[in-house]
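Student: I have a structure to go through before my next bench session. Can we work through it by question and answer?

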Amino acid sequence: MSNKPLRRFGFRDKLGYLFGDFGNDFTFILSTMILMKFYTDHMGVSAGVVGAIMMVARIVDAFTDVAMGRICDRSRITAAGKFKPWIMRMCVPVAIASFLMYMAPISHLSTGIKTAYLLVTYLLWGSFCYTGINIPYGSMASAISEDPGDRQSLSTFRTMGGMLAGAIIGAGLPMVAYTKNADGNSVLVGNRVMLAAAIFSVLAIVCYILCYKLITERVTLTRNEVGTDEKPKTQSLGQMLKNAIKNRSLISIIVASIVMLLAQLTMQGMANYVYPNYYNSPAAQSASTVVMMVGMIVAAIIAKPLGKRFGKAEVSVVSNVFAALVNLVLFFVRPESVWVYVGMQTLAWLGLGIFSMVSWALITDVIDDAEIRNGVREDGSVYAMYSWARKLGQAASAGLTGWLLELVGYTSETAFDPDVTLGIYNISVLVPVLGFGLLAAVLWFWYPLHKKKVDANVAALKEKHSK
């Protein structure tokens, strides 16, 4: 490796990190947005079965995520860094695995075969390929810079990358994936979903390559260890898990992430049923995604100065209370106009967006806190446990959504019955009310890394690393 100084942190790193989650969410948001709808409406598999499969996959992730985190921490440092090489190794496999989940031509096969196919392809994509690229990508944030302001910028740009992918999928997919049947109802077309999945997989690969090219890892072991056989210092797996259980900041942020995703993904997933079934307007779903971006852009602008002034956890509490109140108003008002619903949801996304912009910086605070407590820096292992927690939230959301849809009687035959669509609406607003309210409580009463503590940790680590 050359001894020339590393390039200073700058916009190039932020843009590269944006492209990383841009690529991630071309497959992740697609799965959260349409996979259950695809299998219930096109494949004819019950929502409860689809949700159960997603929950089973998250149990598998308990092992694959932690294993990948350990692999990252024990990886030798190359000229490109410790985490970056995994981006190039896994970008093509994760894209192919995502495409395989949407094989519309097998819809004529038996329910058992289709269910088994979903289980295998969903495990391949989520538990192995997506884990193989997302754990190194997320862990890489703390290796790009150790400055809290830089990390907050990376968190904001990461969220913006996911937001852009969500906007493209959310605005474009409903416009092409649905058609009107003889009764004038909006129904899903499986072949169109499969084509969209192929396009998004290609775009994901392009984004991952840009991420790899633009980012530089700076916070690492000493340079003379690059290319040698010396392995980074790590704890044993047993010691790591023992320390994790006693780590209040890690456990509380894990619980917060589960609750947040339970609310957020239920809100996102139910959009596939509220707009085409309750309001019979897929076009409004596309428009809502575009309008939602306005709220997220405002959140991106104000999140960093607010977090710096008041603290990331403190700002997150207020923003989640606001999002919960907006959904509570929607439950009681129950607007007849779909555009009133869109406007209110935009306000909710503004509140959620502020938390989203700082959420990835929160985990780097937890990584710093763990280093102070344990004397060992294990970005990959800590992030892996955090990532698994997020997947638990995803699974809980999918399982809860599937169970609640079955509870209100949703099937492809009853999709437009008035009682069923009313139940769909109630699910779409009440779950976020409970989730966002509980998330605010966890961050305020349990999570210990508020502004004063974070500033003290940063100062302590700066002194330690300078030595």
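What follows is a set of short questions and answers on this predicted model.

Student: Which helix gives the most residues to the largest nonpolar core?
Tutor: Start with the core itself, which has 143 residues. Tyr 102 and Ile 253 have the most contacts inside it. The helix that gives the most to this core spans residues 338-374 and supplies 17 residues. That helix is α12.

Student: Which residues does Tyr 102 contact, leaving aside neighbours within four places in sequence?
Tutor: Tyr 102 is one of the two residues with the most contacts inside the largest core. Some of its partners belong to α7, including Val 193, Met 194 and Ala 197, which are buried there. The full set in contact with Tyr 102 is Leu 30, Ser 31, Ile 34, Leu 35, Phe 38, Val 193, Met 194 and Ala 197.

Student: How far does α7 reach from its first C-alpha to its last?
Tutor: Helix α7 runs over residues 190-214, a count of 25. At 1.5 Å a residue, the expected span is 36 Å. The model comes close to that, with a reach of 36 Å.

Student: What covers the buried residues of α7?
Tutor: The buried residues of α7 include Gly 190, Phe 200, Ala 204, Tyr 208 and Leu 214. Helices and a strand take part in the cover. Among the elements are α1, α3, α4, α6 and β2.

Student: Are α1 and α9 oblique or roughly parallel to each other?
Tutor: Their axes come within 10 Å and cross at roughly 45 degrees. Residues of α1 in the contact include Phe 28, Met 33 and Lys 37, and those of α9 include Leu 265, Tyr 273 and Pro 276. The crossing is right-handed. Angles under 35 degrees count as roughly parallel, so α1 and α9 are oblique.

Student: How are α3 and α4 oriented, roughly parallel or roughly antiparallel?
Tutor: The axes of α3 and α4 lie 9 Å apart, at an angle of about 155 degrees. Among the residues that meet are Trp 86, Met 90 and Val 94 in α3, with Trp 125, Phe 128 and Ile 133 among those in α4. α3 passes α4 in a left-handed crossing. The cut-off for roughly antiparallel is over 145 degrees, so α3 and α4 are roughly antiparallel.

Student: Is Val 50 buried or exposed?
Tutor: Val 50 sits in helix α2, residues 47-74. Beyond residues up to four places away in sequence, Val 50 touches Met 36, Tyr 39, Val 45 and Leu 118. Its relative accessible area is 0%. Buried means under 20%, so Val 50 is buried.

Student: What separates the C-alpha atoms of Val 50 and Thr 40?
Tutor: Thr 40 is in α1, where it joins the contact with α9. Val 50 is in α2. They are 10 residues apart along the chain, and their C-alpha atoms are separated by 7.9 Å.

Student: Where is Asn 280, and what is its phi?
Tutor: Asn 280 lies in the loop between α9 and α10. Asn 280 is partly exposed, at 30% relative accessible area. Although Asn 280 is not a glycine, its phi is positive, at about 50 degrees.

Student: What is the relative accessibility of Arg 334?
Tutor: Arg 334 is found in the loop between α11 and α12. Its phi is positive, near 45 degrees, in a residue other than glycine. Arg 334 counts as partly exposed, with a relative accessibility of 26%.

Methods
Residues numbered from 1 in each chain as written. Predicted model: local features only at pLDDT ≥ 70, side-chain atom pairs only at ≥ 80, totals over all residues. Heavy atoms only, no water. Core = buried A, V, L, I, M, F, W, Y, C linked by side-chain atoms within 4.5 Å. Buried < 20%, exposed > 50% of the residue type's maximum accessible area, 1.4 Å probe, protein only. Helix = DSSP H or I, 4+ residues; strand = E, 2+ residues; numbered from the N terminus. Contact = heavy atoms within 4.5 Å. Expected span 1.5 Å × (residues − 1). Axes fitted to C-alpha atoms, helices over the stretch in contact; angles between N-to-C directions. Parallel < 35°, antiparallel > 145°, perpendicular 65-115°, else oblique. Left-handed = near helix turned anticlockwise from the far one by under 90°.
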